[in-house]
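Hello, and thanks for taking a look at this one with me. Here are my notes, point by point, for reading alongside the structure.

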Amino acid sequence: MTAKSINRPPAGKNPLEWAVFALSFLLVLGVVGILAEEVLRWQDSPARLTAQIGGTALQDGARWIVVEVRNDGEGLAADVEIEVQAGDESADFTLDFVPRGTVRSGRVSFPQTIDPAAAKVSIRGYREP
């Protein structure tokens, strides 16, 4: 046996190389399919925001109200201004970004004497970046 025949790689791919190739091909094909589906479903529509009370809690002598904001539209919403009213009291906060298909939350505090069932939340506005 000569030195030249010892260092020579075997002809063709072995089964492990074919398995890695097939798995890689399927992964790339899957990623391309997901991206193609996103492109086909894409609609240039604005953000569609909804807000609701996500819960309340008593903490440090105040009643905290959690507000959840959901974006079911296709666009991104920036600087989303939320207002919460409970009786004569009101509080507000701003969410920097609410991307499409996501839920963001924030909290506001009121005196603990308010009725959390009477709290109402509204979206005052947002900016399209």
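1. Let us start with Phe-21 and Phe-25, which sit four residues apart in helix H2, about one turn of the helix. Helix H2 covers residues 15-41; helices here are DSSP runs of H or I with at least four residues, strands are runs of E with at least two, and both are numbered from the N terminus. The rings of Phe-21 and Phe-25 form a stacked aromatic pair, 6.5 Å centre to centre with 20 degrees between the planes. For such a pair, ring centres of Phe, Tyr or Trp (its six-membered ring) must lie within 6.5 Å; planes under 30 degrees apart are called stacked, those over 60 edge-to-face, and the rest tilted.

2. A word on the source: this is a predicted model, in which local features need pLDDT of at least 70 and side-chain atom pairs count only at pLDDT 80 or more, while totals for chains, interfaces and linings use all residues. Residues are numbered from 1 along each chain as its sequence is written, and side-chain values use heavy atoms, leaving out hydrogens and water.

3. How many aromatic pairs does the structure hold? There are two, and Trp-18 with Phe-21 makes an edge-to-face one, at 5.9 Å centre to centre and 85 degrees between the planes. Because Trp-18 and Phe-21 are three residues apart in helix H2, about one helical turn separates them. Through these ring pairs, Trp-18, Phe-21 and Phe-25 become a cluster.

4. Are these rings buried or exposed, or in between? Buried means under 20% relative accessible area, exposed means over 50%, and partly exposed is what lies between (1.4 Å probe, protein chains only). Trp-18 is partly exposed because its relative accessible area is 46%. Phe-21, at 47%, counts as partly exposed too, and Phe-25 is partly exposed with 47%.

5. The three aromatic residues also belong to a nonpolar surface patch: Trp-18, Phe-21, Phe-25, Leu-26 and Leu-29 together have about 570 Å² of accessible area. Patch members have over 30% relative accessible area and no salt bridge; like charges are joined within 9 Å, and nonpolar side chains (Val, Leu, Ile, Met, Phe, Trp, Tyr) within 5 Å. The areas come from the Shrake-Rupley method with a 1.4 Å probe, and for residues only the protein chains shown count as cover.

6. Now for the interior. In soluble globular proteins, nonpolar side chains tend to be buried together. Here the largest nonpolar core has 18 residues, and Ile-65 and Phe-110 have the most contacts inside it. A core is a set of buried Ala, Val, Leu, Ile, Met, Phe, Trp, Tyr and Cys residues joined through side-chain atoms within 4.5 Å. S2, S3, S4 and S5 are the elements giving two or more residues to this core, and S3 gives the most, with five. Beyond neighbours within four places in sequence, Ile-65 is in contact (heavy atoms within 4.5 Å) with residues including Ile-53, Val-84, Val-108, Phe-110 and Ile-114.

7. Side chains of opposite charge can pair when their charged atoms come close. How many salt bridges does a search of the whole structure find? Seven turn up, where a salt bridge is a side-chain nitrogen of Lys or Arg within 4 Å of a carboxyl oxygen of Asp or Glu. One of them joins Arg-70 and Asp-72, with the closest N and O atoms 2.8 Å apart; Arg-70 is partly exposed at 38%, and Asp-72 is partly exposed at 35%.

8. Arg-100 deserves a look of its own. Its side chain meets that of Glu-38 in a salt bridge of 3.2 Å, N to O. This pair links distant parts of the chain, 62 residues apart: Arg-100 is in the loop between strand S4 (89-98) and strand S5 (103-111), and Glu-38 is in helix H2. Arg-100 also bridges to Glu-74, with closest N and O atoms 3.0 Å apart. Here the partners are 26 residues apart, with Glu-74 in the loop between strand S2 (62-71) and strand S3 (77-86). Glu-38, Arg-41, Glu-74 and Arg-100 are linked in a network of salt bridges.

9. Finally, some backbone angles to check. Most residues other than glycine have a negative phi. Asp-60, in the loop between strand S1 (49-59) and S2, has a positive phi near 55 degrees. Asp-79, in strand S3, has a positive phi of about 50 degrees. Asp-60 counts as exposed at 74% relative accessibility, whereas Asp-79 is partly exposed at 32%.
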